[in-house]
Amino acid sequence: CVVEAMELCNFGAKVIYPPTIYPVCVKNIPIKVKNTFNPENPGTIIKQQIANDFKPIKGISSISGTTLITVAGLSMVGVIGVNQRIFTALTNGGSSAFMVSQASSENSTAIEYLVGLLIDPTAVNVVDSEFAKEIETGAMFPMHAEGGLATVAIVGENMRHTPGVAGKLFGTLGRSGISVIACAQGASETNISFVIQGKSL
């Protein structure tokens with residue numbers, strides 16, 4: 001369906017350019033995707049609703065060459081406006097976060113933002129500048145960037161109705177010796193995205 005196609009595009013699928021889907025979707029016109037190298041193949045149809053569709057996973061896409069920026073501090077718990085400042089700094093610096101993984105506990109707090117290395121490799125400096133006072137007082141740590149990573153997304157609207165998809169995904173990765181660095185699942189449960197070392201892609 002259209003939602004699944006958009007999610008795949010957001011996470012690296014190159015077959016369809018997202019802005020071309022929107023006007024067609026609004027008019028409820030189906031899109032047919034064909035294989036140039038195999039024109040006899042029936043291809044894939046993208047439309048609003050698909051009847052009798054029970055497959056939980058429709059596709060897997062990835063983005064290589066990404067960098068994980070970790071924003072962490074001892075005084076971030078319950079502080080209003082931290083996320084706004086991070087996103088505003090990234091936006092003003094010409095970067096865009098395409099995945100956010102946030103975790104906190106009473107003992108430690110870390111908010112991690114994943115940004116594309118090719119978008120703006122100076123994103124760490126931009127966020128460091130925004131929080132210069134907090135870093136100076138020790139309330140926050142200097143930003144840490146880890147490059148050479150890849151982001152993978154499994155996409156399917158029926159995941160929300162299928163128990164055990166995440167367990168199967170992470171179990172498969174674990175058995176294959178692939179460590180997950182960060183992960184995120186949207187409230188709509190249309191995709192599960194996770195970050196791994198680029199060499200494991």
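This passage describes the fold, the nonpolar cores and selected local features of a predicted model of one protein chain.

The secondary structure of the chain consists of 6 helices and 8 strands. Read along the sequence, these elements follow the pattern α-α-β-β-β-α-β-β-α-α-β-α-β-β. The chain has 201 residues, of which 35% count as buried. The exposed surface of the chain amounts to about 11800 Å², and carbon and sulfur atoms supply 57% of that area. Among contacts in the chain with a separation of 6 or more, 69% are accounted for by residues 24 or more positions apart.

In soluble globular proteins, nonpolar side chains tend to be buried together. In the present model, the largest nonpolar core is made up of 11 residues. Its members are Ile-69, Val-71, Val-82, Ile-86, Leu-90, Ala-123, Val-124, Val-127, Phe-131, Met-140 and Met-143. At least two residues of this core come from each of three elements, namely β3 (59-72), α3 (82-92) and α4 (123-130). A second core, separate from the largest one, contains 10 residues, including Ala-150, Met-159, Val-165 and Ile-196.

Two of the helices that contribute to the largest core were examined for the placement of their buried residues. In α3, the buried residues are Val-82, Ile-86, Ala-89 and Leu-90. When α3 is seen down its axis, these buried residues fall within an arc of 100°, and they therefore line one face of the helix. Gln-84, Thr-91 and Asn-92, by contrast, are exposed on the other side of α3. Of the buried residues of α3, Val-82, Ile-86 and Leu-90 also appear in the list of the largest core. Just after this helix, Gly-94 adopts a positive phi of about 85°.

Helix α4 shows a one-sided arrangement of its own. Ala-123, Val-124 and Val-127 are buried in this helix. Seen down the axis of α4, its buried residues fall within an arc of 100°, so that they line one face of the helix. Ala-123, Val-124 and Val-127 are also members of the largest nonpolar core.

Strand β8, which spans residues 191-197, is mostly covered, since 6 of its 7 residues are buried. This strand pairs with both β6 and β7. Strand β6 (residues 144-155) runs antiparallel to β8 and is joined to it by 7 bridges. Within this pairing, Ile-154 stands opposite Ile-192 of β8. Strand β7 (residues 182-185) is likewise antiparallel to β8, with 4 bridges between the two. Here Cys-183 is placed opposite Phe-194 of β8.

Two further residues illustrate local features outside the cores. Asn-28 lies in the loop between α2 (18-26) and β1 (31-33). Although Asn-28 is not a glycine, it has a positive phi of about 60°. Asn-28 has a relative accessible area of 52%; the threshold for an exposed residue is over 50%, and Asn-28 is therefore classed as exposed. Ala-132 lies in helix α5 (residues 132-137). With a relative accessible area of 39%, Ala-132 is partly exposed, because this value falls between the limits of 20% and 50%. Ala-132 and Pro-142 are 10 residues apart in sequence, and their C-alpha atoms are 8.5 Å apart in space.

Note on methods: Residues are numbered from 1 along each chain as its sequence is written. This is a predicted model: local features need pLDDT of at least 70, side-chain atom pairs count only at pLDDT 80 or more; totals for chains, interfaces and linings use all residues. Side-chain values use heavy atoms; hydrogens and water are left out. A nonpolar core is a set of buried Ala, Val, Leu, Ile, Met, Phe, Trp, Tyr and Cys residues joined through side-chain atoms within 4.5 Å. Buried means under 20% relative accessible area, exposed over 50%, partly exposed in between (1.4 Å probe, protein chains only). The arc is that of the directions from the helix axis to the C-beta atoms. Contact means heavy atoms within 4.5 Å. Accessible areas come from the Shrake-Rupley method with a 1.4 Å probe; for residues, only the protein chains shown count as cover. Two strands pair if DSSP finds at least two bridges between them.
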